[in-house]
Amino acid sequence: MSDFQDPKAHLFALVQTALTSVAPDLTDLTFVIERPKQAAHGDYACNVAMQLTRSLRRNPRELAQAIVAALPESTCVIKTEIAGAGFINFFLSSAARTQVVKLAQEQGERFGRSEYGARKKVQVEFVSANPTGPLHVGHGRGAAYGASLAAVLDFAGYKVQREYYVNDAGRQMDILAVSTWLRYLEQFGIDVPFPKNCYQGDYVREMARQIKESHGDRYVHQPWTVLEGVKSAEEDVEEHLDGLIANAKKLLEDDWHYIHNFALNEQLGDGRNDLAEFGVHFDNWYSEKSLYDSGLVERAMDQLEANGHIYLQDGAKWFRSTHFGDEKDRVVQRENGLFTYFASDIAYHQNKFERGFHKVINVWGADHHGYIPRVKGALTALNMDPEKLDIALVQFANLIRDGKQVSMSTRSGEFVTLRELRAEVGNDAARFFYVLRKSEQHLDFDLDLAKSQSNDNPVYYIQYAHARICRVQEEWGGVRADLAGANLDLLGNEHETAILRRLSDFSETIENAAREYAPHLVAFYLKDLAAEFHSYYNAERFLVDDAELTLARIALIDAVRQAMVNGLALLGVSAPEKM
RNA sequence: GCGCCCGUAGCUCAGUGGAUAGAGUGUUGGCCUCCGAAGCCAAAGGUCGCGCGUUCGACUCGCGCCGGGCGCGCCA
């Protein structure tokens, strides 16, 4: 019976056996066993004869004949034929075709899992948005993609860690803290003009209000002290802001850390809740600040310097990334002594590698693509293998409302938040919509379309198929254990054959999605499966007078149900029994 | 200017180097006395941006163009 566990692998082995007599000298031949597009071409087709034709200088159809003649006997195969340019088409026995139904019964929620990843440790780092405000719809795409990718990798047999890199150090957090403080001062009538390059959103006012409520006027300072020695915003907006930050630190002393941490924890907590409601969870939240506190940044810089990849110019320290294919060298330590974001990022990636992953996968917005050469260069410079780092670039998600693009900017406060999006279209539709495009494709998220009680929305199409199956099974009234005794040889009409083929491809689809970092393949698979089910539903009745046939059909659609439950779970979409 | 991504039906998009390129949506016409019509069936719709190359075979790989998006800071 083990032959039937995976018919495709079985056929592959048969062909390889045949090759040992037909072409014993060829060792590095590549060929595939694949699903023909048309059912008339059999259950599987093999292109090996065409691949052989050049090296053996023989007619491909003749070679196909020779290979077919050399194939070992198999109860799996009832017929082979040679077609087209030299394809070998295989027609499987009923038992081989229907074994997937038994597999689904036996494996249940594990149906579709595989050992493809061989328990190798991989890390998926995603979202990693600065905790300086609510997550917006762009982050949503990274969240949905990363979560689905991680789930797919897990299902394909990898040991997956989901990580969020928290940018809790650096200037952006200082800007959030000073923004909060200035809003706080406003509540006491302290008139310090709120800079344009501070965070404008109402959530900043809300945090200021909370601080006032808990601590009264404790953090109030007079405007002239706040502005003392600060360059005017008209002169230089960035230096103006840096001056405000410096004064805030000086005036508030230890209280600065309170405000800073309060704002950080509020925003990080808000993002964490938002993501959890979206069905997106992380195993590890890695703090950028901890890289400094534990000396990892300095250690990484020292090692780069010891390896001779750092030089001094204009008072700053530069990493010679051009040596590793980058277009220019990059500053790691500024003239003022502060490390750049790049410096902590080098230490972070070094640390990731030291944690022993087989693959480290970063999900980044496509606008960061120019950043890849310098990070890989730094890893190379630290004697690490840059091939172990994969960057999955996710293209922009634009939001369309009333046929127009909505502008998004955290600083200006004009963004549409992920929370708002979820409220409008629902978590299921949002999760599914986000992964229905391959990551390299720009996504226009049409709010009006997604909002409209959408028959257009494919998630309903799939969920409806699932609900229909549940309804039929309810009507049937039997118990799932009865299905083990079904005579599956009764399944053979056009619709049943198509569904059996589709179900047999489930596990392989997951593997492909894992290999290509392409969870959208799962979404499209489920759409196709649902379409075949709906078509079957309309063409045939499941509950018929013939009890044996009924049982076989219920067994089949139960396997469809299982594939849908498992597949939708990977995408973070629910599988309701009623809609 | 350089780099990355995209270009497939009117529109939105799938398509591990294989046989006659597929869905959804839109248009037109059908299907509920029957397990849920949020469904199904059918018709119509294509120089796969253009050119050259590799290959037995190219939407798929390579090179060069054309068009669109994004990125090229001592920002993160």
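Two strands are said to pair if DSSP finds at least two bridges between them, and with that in mind we can look at the first sheet of this model, which, I should say at once, is a predicted one. Four strands form an open sheet here, in the order S1-S2-S4-S3, and the pairing is antiparallel. Strand S1, residues 33-34, and strand S3, residues 77-83, stand at the edges with a single partner strand each, so one side of each has no neighbour in the sheet. If you would like to find the pairing of S3 with S4 on the screen, six bridges join these two antiparallel strands, and one place to look is Lys79, whose bridge partner in S4 is Phe91. As a general point, the side chains in a regular strand alternate between the two faces of the sheet.

Let me step back to the whole chain for a moment. Chain A contains 23 helices and 15 strands, and its C-alpha trace spans about 90 × 60 × 40 Å along the principal axes. Of its 579 residues, 51% count as buried. If we take the contacts in chain A with a separation of 6 or more, residues 24 or more positions apart account for 73% of them.

Now I would like to move to another part of the chain, around strand S11. Why can we call S11 largely enclosed by the rest of the structure? The reason is that five of its seven residues are buried, where buried means under 20% relative accessible area. S11 pairs with strand S5, residues 121-125, in the parallel sense over four bridges, and in that pairing Gln123 has Val360 of S11 as its bridge partner. S11 is also joined to S12, again in parallel, by six bridges, and here Val363 has Ala392 of S12 as its bridge partner. Between these two strands the chain passes from S11 through helix H15 to S12, and this β-α-β crossover is right-handed.

Helix H15, which covers residues 372-381, is itself mostly covered, since seven of its 10 residues are buried. The buried ones are Ile372, Arg374, Val375, Gly377, Ala378, Leu379 and Ala381, so you will notice an arginine in that list. What lies over these buried residues? The elements that cover them include helices H13 and H14 as well as strands S9, S10, S11 and S12. Just after H15, Asn383 takes a positive phi of about 60 degrees.

In the loop between S11 and H15 we find His368, and this residue counts as partly exposed because its relative accessibility is 42%. The side chain of His368 makes a polar contact, at 3.1 Å, with the side chain of Asp367. The C-alpha atoms of His368 and Arg541 are separated by 53 Å, and these residues are 173 apart along the chain.

That brings me to RNA strand B. Which residues come nearest to RNA strand B? Of the 56 residues around it, they are His369, Tyr461, Tyr464, Arg471 and Arg541. The residues of the surface near the RNA divide into 20 nonpolar, 17 polar and 19 charged. Helix H3, strand S4, strand S9, helix H19 and helix H22 each supply at least two residues of that surface, and the largest share, eight residues, comes from H19. S4, as you may recall, belongs to the open sheet with which I began.

Seen from the side of the RNA, 62% of its atoms within 4 Å of the protein belong to sugar or phosphate, and the rest belong to bases. Three individual atom pairs are listed on my slide. A polar side-chain atom of Asn89 lies 2.9 Å from a base nitrogen of RNA strand B, a backbone N or O atom of Tyr341 lies 3.3 Å from a phosphate oxygen, and a polar side-chain atom of Tyr464 lies 2.4 Å from a sugar or linking oxygen.

I will finish with Arg419, which lies in helix H16, residues 418-425. Arg419 is partly exposed, with a relative accessible area of 30%. Leaving aside its neighbours within four places in sequence, Arg419 is in contact with Asp270, Asn273 and Asp274. Arg54, by contrast, is 365 residues from Arg419 in sequence, and the two C-alpha atoms are 59 Å apart in space.

Key. Residues are numbered from 1 along each chain as its sequence is written. Chains are lettered from A and ligands numbered from 1 in the order in which they are written. This is a predicted model: local features need pLDDT of at least 70, side-chain atom pairs count only at pLDDT 80 or more; totals for chains, interfaces and linings use all residues. Side-chain values use heavy atoms; hydrogens and water are left out. Buried means under 20% relative accessible area, exposed over 50%, partly exposed in between (1.4 Å probe, protein chains only). Contact means heavy atoms within 4.5 Å. A crossover is right-handed if, with the strands pointing away from the viewer, the path from the first strand over the helix to the second runs clockwise. A residue is near a molecule or strand if one of its heavy atoms lies within 4 Å of it. A polar contact is a pair of N or O atoms within 3.5 Å; within protein, one must be able to donate a hydrogen and the other to accept it, and residues adjacent in sequence count only if both atoms are side-chain atoms. Ala, Val, Leu, Ile, Met, Phe, Trp, Tyr, Cys and Pro count as nonpolar, Asp, Glu, Lys and Arg as charged, and the others, Gly among them, as polar.
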